[in-house]
Amino acid sequence: MLPKQSVKRIIVLSVLLVYPLLAVSTLKASAQAGEIPTDAETIAAGDALFQQNCKTCHNIETKLIGPALKNVYDRSELPWIISFVKNSTKMIQDGDEQAVQVYEENNKVMMTTFDFLADEEILSIVAYIKDQTDNPPAAAVATVQQTGG
């Protein structure tokens, strides 16, 4: 058994070592959120692109063929998201761990390659996803409340 003084030191050291890691992680997520446009024009463009290219396989709140996209910008870095949207097949073939995980979690269904989309267009889709995440439509809110989410 460790003396009380040693236990206190271990706790203090643990807090001092873990807290900065948590703070850096939180700052990184909030910094990335700051890179996502919030203007109405970009969100509207992202909405149109999402409807044309994404909605068949994706939903914000629920998994369809592909994963639900709510908070996707918190799960992955923006450059990774852009690369994945442009060519997930290449990322999977190259052994990107996160890309392989997404592929395996979604019944090994390959996502369509969207290499014709500019980075700014993909960023506008992410802006739309963030807007929908932060301001879900009334129907989505009612569904979540009914299911106890």
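The following exercises, with worked solutions, concern the helices of a predicted model and selected residues in them.

Residues are numbered from 1 along each chain as its sequence is written, and side-chain values use heavy atoms, with hydrogens and water left out. Local features need pLDDT of at least 70 and side-chain atom pairs count only at pLDDT 80 or more, while totals for chains, interfaces and linings use all residues.

**Exercise 1. State the secondary structure of the protein chain and the share of buried residues.**

Step 1. The protein chain has seven helices and zero strands; helices (H or I, at least four residues) and strands (E, at least two) are DSSP runs, numbered from the N terminus.

Step 2. The pattern along the sequence is α-α-α-α-α-α-α.

Step 3. Of the 149 residues in the protein chain, 28% are buried. Buried means under 20% relative accessible area, exposed over 50%, and partly exposed in between, with a 1.4 Å probe and protein chains only.

Step 4. Among contacts with a separation of 6 or more, 63% come from residues 24 or more positions apart; contact means heavy atoms within 4.5 Å.

**Exercise 2. Determine how α4 is oriented to α6 and which residues make the contact.**

Step 1. Helix α4 (residues 78-93) and helix α6 (residues 119-134) have axes 10 Å apart, at an angle of about 110°. Axes are lines fitted to C-alpha atoms, for helices over the stretch in contact, and angles run from 0 to 180 degrees between N-to-C directions.

Step 2. This angle makes α4 roughly perpendicular to α6. Angles under 35 degrees count as roughly parallel, over 145 as roughly antiparallel, 65 to 115 as roughly perpendicular and the rest as oblique.

Step 3. From α4, L78, I81, I82, V85 and K86 take part; from α6, D119, I122, L123 and V126.

Step 4. By class, the contact of α4 with α6 has seven nonpolar, no polar and two charged residues. Ala, Val, Leu, Ile, Met, Phe, Trp, Tyr, Cys and Pro count as nonpolar, Asp, Glu, Lys and Arg as charged, and the others, Gly among them, as polar.

**Exercise 3. Repeat the analysis for α4 and α5.**

Step 1. The two axes come within 10 Å and cross at roughly 75°.

Step 2. Helices α4 and α5 are therefore roughly perpendicular to each other.

Step 3. W80, F84, M91 and I92 of α4 meet Q98, A99, V100, V102 and Y103 of α5.

Step 4. The classes in the contact of α4 with α5 are eight nonpolar, one polar and no charged residues.

**Exercise 4. Describe the two ends of α5 and the surroundings of N106.**

Step 1. At the N-terminal end of α5, D96 acts as a cap, with a side-chain oxygen 3.1 Å from the backbone nitrogen of Q98.

Step 2. Just after α5, N107 has a positive phi of about 60°.

Step 3. N106 lies in the loop between α5 (97-105) and α6, and N106 is buried, with a relative accessible area of 5%.

Step 4. The N106 side chain reaches the backbone oxygen of V102 at 2.7 Å. Leaving aside neighbours within four places in sequence, N106 is in contact with K63, I65, G66 and P67.

**Exercise 5. Locate Q51 relative to α6.**

Step 1. Q51 is in helix α2 (residues 40-53) and counts as partly exposed at 33% relative accessibility.

Step 2. The C-alpha atoms of Q51 and I125 are separated by 9.6 Å, although the residues are 74 apart along the chain.

Step 3. Buried residues of α6 include I125 and Y128.

Methods. Polar contact = N/O pair within 3.5 Å; in protein donor to acceptor, adjacent residues only side chain to side chain.
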